[in-house]
Amino acid sequence: MLRTFLRILLLVLTVQVNFLVKADDFPSLITANASIGKILILKFSVQLIAIILDQEYLDQKYDPVYTEVQVIIERVLREDLKNGGLYVTYYSWTSVNLKKDYTAVLVVSNCDNTWRVFREARADTLLLLALTDPDCPRLPPSEAIMPNDGVQLNDVLFPHVSNGFRGKNLHIVTYHNPPWQIIAYNESGVPGVMRGVVMDILNEMAKKLNFTYTMHVIPVSIPKANETEELSYNSTEEGQLPTTTIPMEILNLVSQDKVFLAAVGATVNEKYKRFINYTIPISIQPYNFIVSRPRELSRLYLFMAPFTKETWLCLAACIVVMGPLLYLVNRFSPFYEQKGFDIARLGLNRINNCFWYIYGALLQQGGMYLPQADSGRIIIGTWWLVVIVLVTTYCGNLVAFLTFPKIEIPITTVGQLVGKSGAVSWSTKSGTFLEEFLAETDEPKYKKLLDGMAFNTETSSDTIENVRQGKHVYIDWKSNLQYIMKKEFLVNDRCDFALGVEDFLDEQIAIIMPRDSAYLNLINSEITRLHQMGFIQRWLKEYLPKKDRCWNVGKAIEVNNHTVNLDDMQGSFLVLFIGCVLGACVIILECMWFKRRELKEQVIIKPFVNT
């Protein structure tokens, strides 16, 4: 008897802490109340219980009874209340001050003490459960119900909490729309296996809430955008219908309360809330876009990549300036005249030799001539220091450019996309949540996005091909874009597409229920539980494309050991070819020049001088 009453008391308080319900929510509850005979369930976040085990009354049974009570209390705190929300104080005597914000009292004592505790509990309107002598007068029937009074209940205290819908069969409607609802038909055209995210959620809720269901699969029709003509969709067809528009067949059944719910994934839309209601979101679908995969730029001019154009121009200017400067310093230095050097025979006395020396030093090659004067040596030494810095920087950057290929600048954000208006076009499906959002927003970049947007009824192969060629950008749910990328990869075995790096809009997907359904909070609680346990996320992953080598294209470039190939060296061969052509041209000019000079000398008559 003690165990039964103790569990009744803890069950009442467990419901208070876990569900925060009102007394009217459980009209079948019968328990002892010390004031007016009604249930008193207080909405406190912490419940205080006084358990009075009269040691004098229990005598030798006190220790085993006390131990059993502690075990039951600890189990409830650990398993049901997660170690919180309930505080218990034990007393071994009945002289207890109950004016300490207690919520309930359990007393095991003799008749006199029980009546005294009852009067104190009645004054403070406390919930009271009492075990006393069999011959003790009953508490007033208008104020309390004692054990063995009235009808004995054989069912659980809260049947619709413990047993859910108690096996009731519910009518539910759906239609084929992967990945939310996937319906397979047998050879006779009768719906068979039903899968999908919504179906997995429904099956899990049916187990938890103890109900069965009859599924009604119907064909649906979706009105065309800006047209009165309707498009009929057979439930056996593949492809995804827009979740923004609810089919009229589904809307009528749910709004007229003819079904328990509609097992469909639908976009939460305010315009439908006059007729139906939505559960909390089962999924958040972000919008993104796909573009052509960023390609490596031409490596023909890789040898020039380490320096910018301005740096190359400054370097050329230095060569042009340093040659004449070295010539002037050597030509006008008094050192050579004082030391008796023949200036005419010095190599750096000619300006072309100075140019070739400066150029050779830049390539870290020595020269045939060196200045003898300190002034010239200072010029050369300074130029060598500059050459060391230039060559070291060039070599380091060249290695980096060989290791990390230079990629063309991709379109990764909406801001970059609208900034390339005229260079590329973009489109999306008509009748989507994105279209409604863009029509209502005042943000400038989204207004520009809407101005250049084209709306299509389906994703055609021409659209995908234009994206592949870099002429077009396609916008849709990120999951739908992943399906497209996976399909194209399986067909072509190439990673031709890349996703944008930002998700710029979230669309909430929920299950549809009647507008005034009394079970909305119950279903929401179950969906919350499934989210917290990670079930819904796991189910979503089962129906989304699996990862492949194209998964991170456009977000990060994997660096591998790079072997220098012909593409890397083609610039060097180009320079060699240009040098050979220039050398050939110069030698032709030299031959022509000396040939002309010989002809001219033959015409001139030289006098004969006899020595």
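Is histidine 176 buried or exposed? In this predicted model, histidine 176 is buried, with a relative accessible area of 4%, and the views below begin with this residue.

**View 1. Histidine 176 in the loop between strand 5 and strand 6.** The loop that holds histidine 176 runs between strand 5 (168-174) and strand 6 (182-185). From there the side chain of histidine 176 reaches the backbone nitrogen of isoleucine 183 at 3.1 Å. Leucine 241 is 65 residues apart from histidine 176 in sequence, while the two C-alpha atoms are 8.7 Å apart in space.

**View 2. An open sheet of four strands with parallel pairing.** The strands follow the order 2-1-3-4, and the edges are formed by strand 2 (86-91) and strand 4 (127-131), each of which pairs on one side only. From one strand to the next, the twist averages 15°. Strand 3 (residues 104-108) pairs with strand 4 in the parallel sense over five bridges, and within this part of the sheet alanine 104 stands opposite leucine 127 of strand 4.

**View 3. A salt bridge within helix 4, between arginine 116 and glutamate 120.** The two side chains meet at 3.7 Å, N to O. Because arginine 116 and glutamate 120 are four residues apart in helix 4 (residues 111-123), about one helical turn separates them. Arginine 116 is partly exposed at 25% relative accessibility, and glutamate 120 is partly exposed as well, with a relative accessible area of 27%.

**View 4. A salt bridge between helix 17 and helix 6.** The side chains of arginine 529 and glutamate 204 meet in a salt bridge at 3.9 Å, N to O. Arginine 529 lies in helix 17 (residues 520-532) and glutamate 204 in helix 6 (residues 197-209), so this pair ties together parts that are 325 residues apart in sequence. Arginine 529 counts as buried at 19% relative accessibility, whereas glutamate 204, with a relative accessible area of 21%, is partly exposed.

**View 5. The salt bridge of lysine 273 with glutamate 270.** In this pair the closest N and O atoms are 3.3 Å apart. Lysine 273 is partly exposed, with a relative accessible area of 32%, while glutamate 270 is exposed, with a relative accessible area of 58%.

**View 6. A nonpolar patch on the surface.** Val564, Leu566, Met569, Phe573 and Leu576 form this patch, and together they have about 490 Å² of accessible area. One of these residues, phenylalanine 573, lies in helix 19 (residues 566-603) and is partly exposed, with a relative accessible area of 48%.

Note on methods. Residues are numbered from 1 along each chain as its sequence is written. This is a predicted model: local features need pLDDT of at least 70, side-chain atom pairs count only at pLDDT 80 or more; totals for chains, interfaces and linings use all residues. Side-chain values use heavy atoms; hydrogens and water are left out. Patches are made of residues with over 30% relative accessible area and no salt bridge: like charges are joined within 9 Å, nonpolar side chains (Val, Leu, Ile, Met, Phe, Trp, Tyr) within 5 Å. Accessible areas come from the Shrake-Rupley method with a 1.4 Å probe; for residues, only the protein chains shown count as cover. A salt bridge is a side-chain nitrogen of Lys or Arg within 4 Å of a carboxyl oxygen of Asp or Glu. Helices (H or I, at least four residues) and strands (E, at least two) are DSSP runs, numbered from the N terminus. Buried means under 20% relative accessible area, exposed over 50%, partly exposed in between (1.4 Å probe, protein chains only). A polar contact is a pair of N or O atoms within 3.5 Å; within protein, one must be able to donate a hydrogen and the other to accept it, and residues adjacent in sequence count only if both atoms are side-chain atoms. Two strands pair if DSSP finds at least two bridges between them. Axes are lines fitted to C-alpha atoms, for helices over the stretch in contact, and angles run from 0 to 180 degrees between N-to-C directions.
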